[in-house]
Amino acid sequence: MEKSGGRFAGWHAVVTGGGTGIGRSIALRLAGEGAKLSLMGRNAARLEETAREIRERGGADALVLQVDIRDRAAVVRRFEEACARQGPIRAVVANSGVGGPNGAGAKDRFDELVATNLTGTYSCLRAAETRLAPGPQGRHLVVISSILGRIGVAGYTGYCASKAGLLGLVRALAMELAPGNVQVNAVCPGWVETDMARAGIEGMARAMKSSLEEARAIAMKEVPLGRMSTPEDVAGVVAWLLSDDARGVTGQGIDVNGGAWMS
């Protein structure tokens, strides 16, 4: 792991939901390219595991801050603490979120999904906005949306709505912050090898009364490349968005889905 010579050497980057899956891979990638990190999320133990792995790979100590992003006041306090201890922010990757279906009546989780995925992400971006490092160098806000922000899936109204809302949020905030050379973008993963994807495949298998292998094969038929992405694939796209190679990119939703949805 690079300690000082990477593209993001000297950067303070905040990653929410950095304890597992995509968020963990993003944290490891950015730390591997020199960034010092603040890791935020609800599960402190998992965040500590990511911080420990960063240290074991030779990266800088990562700051772990437990927070439920649905609590806006707590989010502000955590961003204040992150800046006090790690310095002004060059990049935020807003990855925290919850998944799963929702339905009418007692099974309706719509409010929970929107409060976490959309409103919670908004709170993080606003908390970061006034704590960004001074220019003229680029500063970055990156949101992890989903292919379900592009398409509809029966039984997933809350998840689809919240992830689609993130794309509107990104476009509007990109317009607001462009005069200050702050880039705001989204990444929209499709199937990715994570616990959330595994739960989705298990749900398909139960609904179809099939094996996990059969359900996975059916899901992959909709993916032209024929395979799930890895968390590292998504982390690579995030690293590109933060790099000088993407300095002309803002207000965009970058799709990482093996061709399952094409714009």
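Here are some notes on two helix arrangements and two buried residues in this predicted model.

1. Helix α2, length. I started with α2, which covers residues 44–56. With 13 residues at 1.5 Å a residue, the helix should span 18 Å, and its end C-alpha atoms are indeed 18 Å apart, so the expected and computed spans agree.

2. Helix α2, buried side. Five residues to look at here are Leu47, Thr50, Ala51, Glu53 and Ile54, which are buried in α2. They cover an arc of only 160 degrees around the axis, so they sit on the same side of α2. Note that Glu53 is among the buried residues. As for what they pack against, the partners are α1 (21–32), β2 (36–41) and β3 (63–66).

3. Helix α2, ends. The N-terminal end of α2 is capped by Asn43, with a side-chain oxygen 3.2 Å from the backbone nitrogen of Ala45. After the helix comes Gly58, and its phi is positive, near 95 degrees.

4. The α3/α4 pair. Next, have a look at helix α3 (residues 72–86) and helix α4 (residues 110–129): their axes come within 9 Å and cross at roughly 35 degrees. The crossing of α3 past α4 is right-handed. On the α3 side, the residues involved are Arg72, Val75, Val76 and Phe79. They meet Thr119, Tyr122, Ser123, Cys124, Ala127 and Ala128 of α4.

5. Ser96. This one is in the loop between β4 (91–94) and α4. Is Ser96 buried or exposed? Its relative accessible area is 12%, under the 20% cut-off, so Ser96 counts as buried. Its side chain reaches the backbone nitrogen of Gly17 at 2.8 Å. Leaving aside residues up to four places away in sequence, Ser96 touches Thr16, Gly17, Met40, Ile69 and Thr121. Gly17 therefore turns up both as a polar partner and in the contact list of Ser96.

6. Thr121. Helix α4 also holds Thr121, which is buried with a relative accessible area of 2%. The Thr121 side chain reaches back to its own helix, with the backbone oxygen of Asn117 at 2.7 Å. Again leaving out residues up to four places away in sequence, Thr121 touches Ile69, Ala94, Ser96, Thr116, Val143 and Leu166.

7. Putting the last two together. Ser96 and Thr121 touch each other, and Ile69 is in contact with Ser96 as well as with Thr121. If you open the model, I'd go to Ser96 and Thr121 together, since both are buried.

Conventions: Residues numbered from 1 in each chain as written. Predicted model: local features only at pLDDT ≥ 70, side-chain atom pairs only at ≥ 80, totals over all residues. Heavy atoms only, no water. Helix = DSSP H or I, 4+ residues; strand = E, 2+ residues; numbered from the N terminus. Expected span 1.5 Å × (residues − 1). Buried < 20%, exposed > 50% of the residue type's maximum accessible area, 1.4 Å probe, protein only. Arc of directions from axis to C-beta. Contact = heavy atoms within 4.5 Å. Polar contact = N/O pair within 3.5 Å; in protein donor to acceptor, adjacent residues only side chain to side chain. Axes fitted to C-alpha atoms, helices over the stretch in contact; angles between N-to-C directions. Left-handed = near helix turned anticlockwise from the far one by under 90°.
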